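Reader: I am new to this structure and should be grateful for a close look at a single part of it. Please explain how that part is built and what surrounds it.

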Amino acid sequence: MYAQIVLYDSFDPLDVIAPFEVLAAGALALGGELTVQLVSAEGSRTVIGGTQDLGLTTQAALDPAKPGYVVIPGASGPIAGDPDSVETIPVRLARAIDTELIPLLGKAFANPEITVATVCGGSTLLAMAGLIENRYATTHHLGLDVLDAASVRTVPARVVDDGDLITAGGVTSGLDLGLYLLERSFGPRIAHAVEGLFEYERRGTVWKPSGFEPQEI
């Protein structure tokens, strides 16, 4: 199984590093059952993030034929400002949409052996690209209105599991997402071992569209 963590220009570094560290530790605990890669639509290159121009080098091109997970981070940058003069986060996400990344993600969604996962504003990118209409998802609280406008069924949860789409809300949620992916695919003992290594307890209940419908409390 593969975990391909996608980089694009102006990505949020913590959205990438948090799940990368968790999944890489899980790969060690599994002894070879999981391969974790940094990828981009263009292949191996140095990709400049949106925080102080931090650069990370990808190892390969995103391959929508590889089974496993494709993890999409959000972007970082100014939150407010005139988009005609300031590269706000929505502007940076829109720029990523105009690349080969979106057709590749479309192929990933079409592959039944792939689950697409997002950290923070990664789901906002998918929503803006029209890839998750009518799906359950979460994102950073500042981006929930963007999901609503894109006809996404927003859920105010830390992690939302909608089958082949798993989304996490908040910049630090990459830790929670990574641990949940390990538990989902390999069981609680692997996730617990990594949780102990990082001395971090996963936050919140993973929301799924199943079970009893709650009455108003």
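Author: A crossing of two helices is called right-handed if the near helix is turned clockwise from the far one by less than a right angle, and left-handed if it is turned anticlockwise. In this predicted model, the crossing of helices α1 and α7 is right-handed. Helix α1 spans residues 13-30 and helix α7 spans residues 188-198; their axes come within 9 Å and cross at roughly 120 degrees. Angles over 145 degrees count as roughly antiparallel and those of 65 to 115 degrees as roughly perpendicular, with the remaining range above 35 degrees counted as oblique. The two helices α1 and α7 are therefore oblique to each other. On the side of α1, the contact is made by E21, V22, A25, G26, A29 and L30, and on the side of α7 by I190, V194, L197 and F198.

The part chosen for the close look is strand β7, and its setting is the sheet. Seven strands form an open, mixed sheet in the order β5-β2-β1-β6-β7-β11-β10. Strands β5 (60-61) and β10 (159-161) stand at the edges with a single partner strand each, so one side of each has no neighbour in the sheet. In general, the strands of a sheet pair through backbone hydrogen bonds, either parallel or antiparallel.

The approach to β7 may be made from β1. Strand β1 (residues 2-6) runs parallel to β6 (residues 68-72), and 4 bridges join them. Within this pairing, A3 has Y69 of β6 as its bridge partner. Y69 also stands opposite T115 in β7, and the parallel strands β6 and β7 are joined by 5 bridges. Beyond β7, a further 4 bridges lead to β11, again with the two strands running parallel. There, V116 has L165 of β11 as its bridge partner.

Strand β7 itself is largely enclosed by the rest of the structure, because 6 of its 6 residues are buried. In a regular strand, side chains alternate between the two faces of the sheet. In β7, I114, V116 and T118 point one way, whereas T115, A117 and V119 point the other way. Helix α6 (residues 173-186) lies across β6, β7 (114-119), β10 and β11 (165-168), and runs at about 160 degrees to β7.

The strand may also be placed against a database record. An unreviewed UniProt entry lists residues 106-183 as "domain: DJ-1/PfpI". Over that range the chain is 37% helix and 22% strand, and the C-alpha atoms at its ends are 26 Å apart.

Notes: Residues numbered from 1 in each chain as written. Predicted model: local features only at pLDDT ≥ 70, side-chain atom pairs only at ≥ 80, totals over all residues. Heavy atoms only, no water. Pairing = 2+ DSSP bridges. Contact = heavy atoms within 4.5 Å. Axes fitted to C-alpha atoms, helices over the stretch in contact; angles between N-to-C directions. Buried < 20%, exposed > 50% of the residue type's maximum accessible area, 1.4 Å probe, protein only. UniProt positions renumbered as here; feature names shortened; annotations may be inferred.
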